[in-house]
Amino acid sequence: MAKIQKLGSVKRFGPRYGRSVKYKLAKIEAIQKGKHQCPYCHSLKAKRLSAGIWSCGKCGAKFTGKAYSIQKAAVEEASEKEKEETKEKEE
Ligand SMILES: [Zn+2]
């Protein structure tokens, strides 16, 4: 049986706007509204204030990240650095 995707927060749109668009948005909103790890105190209390601005409920730190997540930024930066390093080696 195929894995059942859940619409979650996107249920608010009811029957409008089409299936595939809503499923795409559901994936992003689940990350955006979910729990995130604070880079300062490492607790899962970081919350999104607005696009790219995050605050921690435990230590009160306010910091920047990606628009919809914090941790993906670190992953992407690491992969970009690796790419740059390999390019430099090739040259
Ligand atoms: Zn914190």
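Here are some worked exercises on the predicted model shown above.

**Exercise 1: the overall layout**

Find out how many helices and strands the protein has, and in which pattern they follow each other along the sequence.

*Solution.* Start by counting elements: the protein has two helices and three strands. Next, walk along the sequence, and the pattern reads α-β-β-β-α. To finish, look at burial and contacts for the chain. Of its 91 residues, 7% count as buried. Among contacts between residues at least 6 apart in sequence, 17% join residues at least 24 apart.

**Exercise 2: the sheet**

Work out the order of the strands in the sheet, and state whether the pairing is parallel or antiparallel.

*Solution.* Put the strands side by side: they form an open sheet in the order β1-β2-β3, with antiparallel pairing. Now check the edges, which are β1 and β3 (62-64), each pairing on one side only. Then turn to the geometry: neighbouring strands of this sheet are turned by 35° against each other on average, direction ignored.

**Exercise 3: partners across the strands**

List bridge partners for β1 with β2, and for β2 with β3, and say how many bridges join each pair.

*Solution.* Take β1 (46-50) and β2 (residues 53-56) to begin with; they pair over four bridges in the antiparallel sense. Step along β1 and read off partners in β2:

- Alanine 46 has cysteine 56 as its bridge partner.
- Lysine 47 stands opposite serine 55.
- Arginine 48 stands opposite tryptophan 54.

Moving on to β2 and β3, the antiparallel pairing runs over three bridges. Here isoleucine 53 stands opposite threonine 64 in β3.

One more step looks at the faces of β2. Its covered face carries Trp54 and Cys56, while Ile53 and Ser55 are on the uncovered face. Combining this with the partners, arginine 48 is opposite tryptophan 54, a residue of the covered face, and lysine 47 is opposite serine 55, a residue of the uncovered face.

**Exercise 4: positive phi angles**

Go through the backbone and identify residues with a positive phi, separating glycines from residues that are not glycine.

*Solution.* Begin with the hairpins. The hairpin of β1 and β2 has two residues between the strands, and glycine 52 takes a positive phi near 85° there. In the hairpin of β2 and β3, with five residues between the strands, glycine 60 has a positive phi near 80°.

Next come residues that are not glycine. Tyrosine 17 has a positive phi of about 75° and lies in the segment before α1 (19-33). Histidine 42 has a positive phi of about 60° and is found in the loop between α1 and β1.

Last, are these two residues buried or exposed? The cut-off for exposed is 12 or fewer other C-beta atoms within 10 Å. Tyrosine 17 has 11 such atoms, so tyrosine 17 is exposed. Histidine 42 has 12, so histidine 42 is exposed as well.

**Exercise 5: a lysine in the helix**

Place lysine 27 in its element, classify its exposure, and give its C-alpha separation from lysine 6.

*Solution.* Lysine 27 is found in helix α1. Counting its surroundings gives 14 C-beta neighbours inside 10 Å, so lysine 27 is partly exposed. Finally, compare sequence and space: lysine 27 and lysine 6 are 21 residues apart along the chain, and their C-alpha atoms are separated by 9.0 Å.

Notes: Residues numbered from 1 in each chain as written. Predicted model: local features only at pLDDT ≥ 70, side-chain atom pairs only at ≥ 80, totals over all residues. Buried ≥ 20, exposed ≤ 12 C-beta atoms within 10 Å, placed from the backbone. Contact = placed C-beta atoms within 7 Å. Pairing = 2+ DSSP bridges. Axes fitted to C-alpha atoms, helices over the stretch in contact; angles between N-to-C directions.
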